[in-house]
Amino acid sequence: MIKRDVLVAFSLSLLVLSISLIIWLEGYIRIATPIISSLGESYLYYSYNPWYSNYTSFSLNVVSAIIWDYRGFDTFLETTVLMASIIAIYTLLRGFEEKVFLQPKGLSTITKTATKIVIPLIIAYALAIATHGQLTPGGGFQGGATLAVISSLIIAVYSLEFLYYMGYRSKRLVVIRGLCLIGLIIVAITPLLIGFILNTKSYIFQNMSKEDSFISMPSFLFDAPLAGSIFFYNVFELLIVFTGLTTALMLLSLRDVELKKAFEVREVYE
Amino acid sequence: MKRFLNKLFVFTIILVFFIISTGSFKYYTLVIGVIVSAITTYLFESSIVKKTLRLYDVLKLLYLFKYIVYFVKAEIHAHLELVEIILFNKPIKPAIVAVPYHVESDYGVTLIALTVTNTPGTIVLNIDTNSKLMYIHWINASTFNPDEARLIITSGFEKLVEKIFG
């Protein structure tokens, strides 16, 4: 028994040591291959490059530039896929009803108090990730997933009842999500509409000005690059992902009483 | 404005946290941070700080520093005791003892419970708010008398916590 413990401790310490060695070595020698494909090189070169204003997206974070600018349409479809998966959960549990006043208890005072302090900080952090998606690693999806942590915390610590008390209903969340999806589409077609009014060429999902179209989203706000539509997409994506994951969490933690009808419906079909 | 100091207190903490987590000090960060912390303050201020703060309460921060110093001392002491148990096979007497507490506020109870859990050798298992008892698992229970156990485990923390949270 003791021999095994010593072996486990030794191997764990070896793991930590080797990982820290790799991190330390990274500063001195090359670990990955130095060859970057020409496509990757062009992304790195143009994603923030004010001297080539026809190619750049004014986003310091290259991942955000690729996701929302170079392949914006693809990401938009990904967002709708998330919506579709929530609808799939709805169809599985059809017939459920949300009941208030079931007198939940929740966990002890200690956990509740500690969670109470953490929740506003999580909100601030999630919004920091989302609004700085064009400057630092992060973005709308990451921010939304972080924000959804508060719903899971509330469900675990205070119980689902508290979410109802705060005004969360799955139907309302669906409406918010739909509105944000419409907001995404509006941001995407705004350059097209402006181009239509000014009678010039413009594209759907256009961010900065191109060679044959001078229409451009705002590239700077105050003293930091805003990256035009990337910022707006990130904010809408934050709300979409937050409401989506919260709906999923709420539906998965429904109580027995609320699911009674859903079970009856299933029995009829069986 | 009602409870202005409460709002300012919560607002400042969230804004500082926002700036630290973004790691930038540009106007862009500041403007968005002010908006975000104003909204979260409006939503959560009443639930976070229940009693109305006064300017005099700033002095209580000094007790918080005193608490940290006391906590570090207790932590080192508990670690040494545990090291003795592990290395020299000192006999142990694990037991769950009920310890009364006399702190009123939620934050005070939470702080004491988390500190006791954080010091090695003692863990708060459950808390009973009606009879004001903490159920603490103690690795070396020298006494089963609730009041004597309170003197050994929590009374030192409790004195300082009462001064901080009242």
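This passage describes the contact between two chains, the two domains of chain B, one helix of chain B and one residue of chain A. The structure is a predicted model, in which local features need pLDDT of at least 70 and side-chain atom pairs count only at pLDDT 80 or more, while totals for chains, interfaces and linings use all residues. Residues are numbered from 1 along each chain as its sequence is written, chains are lettered from A in the order in which they are written, and side-chain values use heavy atoms, with hydrogens and water left out.

We can start where the chains meet. Here 26 residues of chain B are in contact (heavy atoms within 4.5 Å) with 26 residues of chain A. About 2300 Å² is buried between the chains, 79% of it on carbon and sulfur atoms; buried area is the accessible area (1.4 Å probe) that two parts lose on being put together, summed over both. On the chain B side, Phe17(B), Tyr28(B) and Phe44(B) lose the most area to chain A, together 27% of what that side buries. Seven residue pairs are in polar contact, both residues at pLDDT 80 or more; such a contact is a pair of N or O atoms within 3.5 Å, where within protein one must be able to donate a hydrogen and the other to accept it, and residues adjacent in sequence count only if both atoms are side-chain atoms. Helix 2 of chain B gives the largest share of the side that touches chain A, ten residues; helices (H or I, at least four residues) are DSSP runs, numbered from the N terminus.

Within chain B, the domain assignment (automatic or from a database) gives domain 1 (4-53) and domain 2 (57-165). Their centres, taken over C-alpha atoms, are 32 Å apart. Four residues of domain 1 touch four of domain 2, and the area buried between these domains is about 300 Å², with 33% from carbon and sulfur atoms. Ile48(B), Lys51(B) and Leu53(B) supply 84% of the area that domain 1 buries against domain 2.

Helix 3 of chain B (residues 60-88) has 29 residues and reaches 42 Å from its first C-alpha to its last. Its buried residues (under 20% relative accessible area, 1.4 Å probe, protein chains only) include Tyr67(B), Phe71(B) and Ile85(B). Helix 4 (106-118) and helix 6 (155-165) of chain B are among the elements covering the buried residues of helix 3. After helix 3 comes Asn89(B), with a positive phi near 55 degrees.

In chain A, Thr75(A) lies in helix 4 (residues 72-92). Thr75(A) is buried, at 4% relative accessible area. Beyond its neighbours within four places in sequence, Thr75(A) contacts Ile67(A) and Trp68(A).

Note on methods:
Helices (H or I, at least four residues) and strands (E, at least two) are DSSP runs, numbered from the N terminus. The expected span of a helix is 1.5 Å times one less than its number of residues. Buried means under 20% relative accessible area, exposed over 50%, partly exposed in between (1.4 Å probe, protein chains only).
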